[in-house]
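Please open the structure in the viewer and keep the sequence panel visible. The tour proceeds by selection, one group of elements at a time.

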Amino acid sequence: MKNLPQTSKAKFLEAVEKGASQFLSGIGRVDEVEEGMNAICSSPEAVGQPQRPEAEALAISAARLAVGLERSINQFVAATDQNLGSIELAVEKESRELLRQATEKAAQQKAEATPPICPVCQHRLSRLSTDHARTFESKFGPITVRRARGYCRRCRKWRFPADTVLGLEETAGYSPRVQEMAALLASKMPVAEASAVLEHLTGVKLPRASLDREARRQGQRAQRLRQKLDEQACHSLPRPLQQELVLEPYQMIIQIDAWNIRERDDWGRTGTMRQAGQEPERWHWVYTGTCFRLDQRGKTAGGRPGISQRGFVATREGIDALREQLHAEALRRGLGQAAGALVIADGAVWIWRLADDRFGQARQRLDFYHAVQHLAAVGRALYGEDKDKLKSWLRPLVKQLKNESCLKVIKQLEELLADLPAGSSAQAVAKEVQYLQEHQNRMDYRAGSRRGEPIGSGAIESTCRQTQCRFKRPGQYWSQKGDEALLCLEIFWRNERWHLLFPHNHRIDPSKN
Ligand SMILES: [Zn+2]
């Protein structure tokens with residue numbers, strides 16, 4: 001606008017004003033708009049005030065947009081081959097520049113209002129200089145922010161305090177909203193797809209490699225935040241008065257499982273490793289856990305069992321990491337106030353060791369279906385492939401196991417084993433009997449059912465299945481670091497803590513803090 005001669009500027013404004021009024025007359029607010037436009041565009045008081053030129057630019061863009069939108073509407077109404085989707089797309093596309101300008105302006109003003117204080121140690125910065133321009137990709141296109149830079153003598157580092165305030169610190173050049181989009185999409189689908197879906201739905205262009213990099217960066221940030229939250233959960237004193245008042249004593253249910261994931265840590269070294277007699281490991285364990293209060297398990301409207309509030313944990317960093325993360329999660333979900341706790345899992349030795357170690361007070365239960373599989377293994381050793389015989393032998397035992405006592409079942413198997421001639425069948429049966437004996441204190445299914453507790457680890461198994469859908473697609477390889485970052489994002493999302501990572505999503509809902 002500055003380059004236009006005064007007369008053409010006045011003419012342009014007049015035209016724009018007319019267009020905007022016409023456009024808005026359809027919704028009956030002509031007076032207001034005309035008043036507003038006059039105040040913004042031709043008020044003599046505006047001259048000489050520092051904010052005015054920018055305010056004016058935004059208002060002019062808005063008026064220009066209004067004119068353009070009106071034209072699009074007319075075209076849309078006249079076009080016989082367009083449905084509402086066409087105008088949705090057109091309106092979105094045309095508004096983008098105005099939204100971009102507004103975002104850029106807001107960012108710039110906030111940057112200018114940021115005091116020259118070190119965001120890390122709060123020390124006053126020295127050797128200040130201004131106008132360090134950097135361009136960030138925002139939801140509405142690139143925005144350039146000119147920021148001040150200063151030196152922190154205490155940290156011995158150069159700082160851009162505005163970057164911290166704006167949420168532009170830990171990024172490869174993306175606004176917080178775009179950082180979030182990259183993180184969410186990459187944790188839900190392969191990056192090549194994510195990049196295309198993002199552009200299609202939002203118009204944000206984030207090439208595959210950039211999206212991948214940004215998502216990982218956000219995932220690493222999520223890992224650091226998780227660490228901090230876990231430390232807070234474990235080291236802060238119990239806060240009984242801040243928690244919701246516990247009226248009825250409740251049990252905390254904890255379920256643990258693991259699944260494996262394919263990774264490419266040793267890629268390019270396969271030949272060397274094989275020569276050295278090592279087979280490269282491609283599959284690695286992802287350790288997972290879930291916890292919930294028994295009184296928060298209920299039925300959905302459709303009659304299906306559901307749990308209203310559940311905590312999730314998934315990690316690639318080994319059993320110790322799972323133990324600490326799950327403990328912190330259980331504390332956050334109310335382990336400290338629980339009347340008791342119950343760990344349910346399949347028979348893996350590491351799980352019971354973990355439970356003894358970190359949830360020493362908790363009761364332990366072997367997943368019912370897992371126990372049944374071991375019974376079925378006895379049946380197969382006895383009856384081979386004769387499925388009918390196997391079924392009629394198995395059915396009463398399963399019933400007894402569920403409704404009576406595991407000791408009764410084990411006793412029958414012991415008697416059966418005593419009568420078997422030595423051989424492979426006897427060996428197989430002996431193995432299973434020993435397994436069930438080892439777990440006999442973990443098979444209190446009747447008492448569990450009567451107390452309304454789950455007897456199987458279905459909740460964690462379904463979680464594993466869902467997560468695997470994302471992380472175990474055919475032909476997909478991951479690195480451990482990349483895995484952990486993406487898993488961590490996925491878990492923040494599932495635990496409804498996404499807003500802690502991306503605070504612009506903070507919902508004012510005290511039940512989800
Ligand atoms: Zn500092």
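Select helix α8 together with helix α10 (residues 318-332). In this predicted model, the two helices pack with their axes 9 Å apart and at an angle of about 60°. α8 and α10 are therefore oblique to each other, since an angle of that kind falls outside the range of 65 to 115 degrees that counts as roughly perpendicular. Their crossing is left-handed. To display the contact itself, show the side chains of Asp230, Ala233 and Cys234 on α8, and of Glu324, Gln325, His327, Ala328, Leu331 and Arg332 on α10. Sorted by class, the residues of this contact comprise 4 nonpolar, 2 polar and 3 charged.

Keep α8 (residues 208-235) selected and add helix α6 (residues 176-188). The axes of α6 and α8 come within 8 Å and cross at roughly 90°. How are α6 and α8 oriented to each other? They are roughly perpendicular, as follows from the crossing angle. On the α6 side, Gln179, Ala182, Ala183 and Ala186 form the contact; on the α8 side, the partners are Leu211, Asp212, Glu214, Ala215, Gln218 and Gly219. The contact of α6 with α8 contains 5 nonpolar, 3 polar and 2 charged residues.

Now select the strands. β1, β2 and β3 form an open sheet in the order β1-β2-β3, with antiparallel pairing. The edge strands, each pairing on one side only, are β1 (126-138) and β3 (157-159). On average, neighbouring strands of the sheet are turned by 30° against each other, direction ignored.

Next, examine each pair of strands separately. β1 and β2 run antiparallel and are joined by 9 bridges. Threonine 135 stands opposite threonine 144 in β2, and a hairpin with 2 residues between the strands links β1 and β2. Add helix α4 (residues 84-113) to this view after centring on the threonine pair: α4 packs on the sheet, where it touches β1 and β2. The direction of α4 makes about 10° with that of β2.

On moving to the other pair, one finds 3 bridges between the antiparallel strands β2 and β3. Here tyrosine 151 stands opposite tryptophan 158 in β3. The hairpin of β2 and β3 has 4 residues between the strands, and within this hairpin arginine 156 takes a positive phi near 55°.

Proceed to helices α12 (residues 368-383) and α13 (residues 387-403), whose axes come within 10 Å and cross at roughly 145°. This crossing is right-handed. Residues of α12 in the contact include Phe368, Val372, Leu375 and Tyr383, while those of α13 include Leu390, Trp393, Leu397 and Leu401. The residues of the contact of α12 with α13 divide into 13 nonpolar, 1 polar and 3 charged.

Finally, colour the chain by pLDDT. The chain averages a pLDDT of 83, and 78% of the residues score at least 70. Which element has the lowest mean pLDDT, and which the highest? Helix α2 (residues 30-42) has the lowest, at 44, whereas strand β2 (residues 141-152) has the highest, at 97. Select residues 23-50 to see a stretch in which the pLDDT is below 50; beyond near neighbours in sequence, this stretch has 25 contacts in the model.

Terms used. Residues are numbered from 1 along each chain as its sequence is written. This is a predicted model: local features need pLDDT of at least 70, side-chain atom pairs count only at pLDDT 80 or more; totals for chains, interfaces and linings use all residues. pLDDT is the predictor's confidence in each residue, from 0 to 100. Two residues are in contact if their C-beta atoms, placed from the backbone, lie within 7 Å. Axes are lines fitted to C-alpha atoms, for helices over the stretch in contact, and angles run from 0 to 180 degrees between N-to-C directions. A crossing is left-handed if the near helix is turned anticlockwise from the far one by less than a right angle, and right-handed if clockwise. Ala, Val, Leu, Ile, Met, Phe, Trp, Tyr, Cys and Pro count as nonpolar, Asp, Glu, Lys and Arg as charged, and the others, Gly among them, as polar. Angles under 35 degrees count as roughly parallel, over 145 as roughly antiparallel, 65 to 115 as roughly perpendicular and the rest as oblique. Two strands pair if DSSP finds at least two bridges between them.
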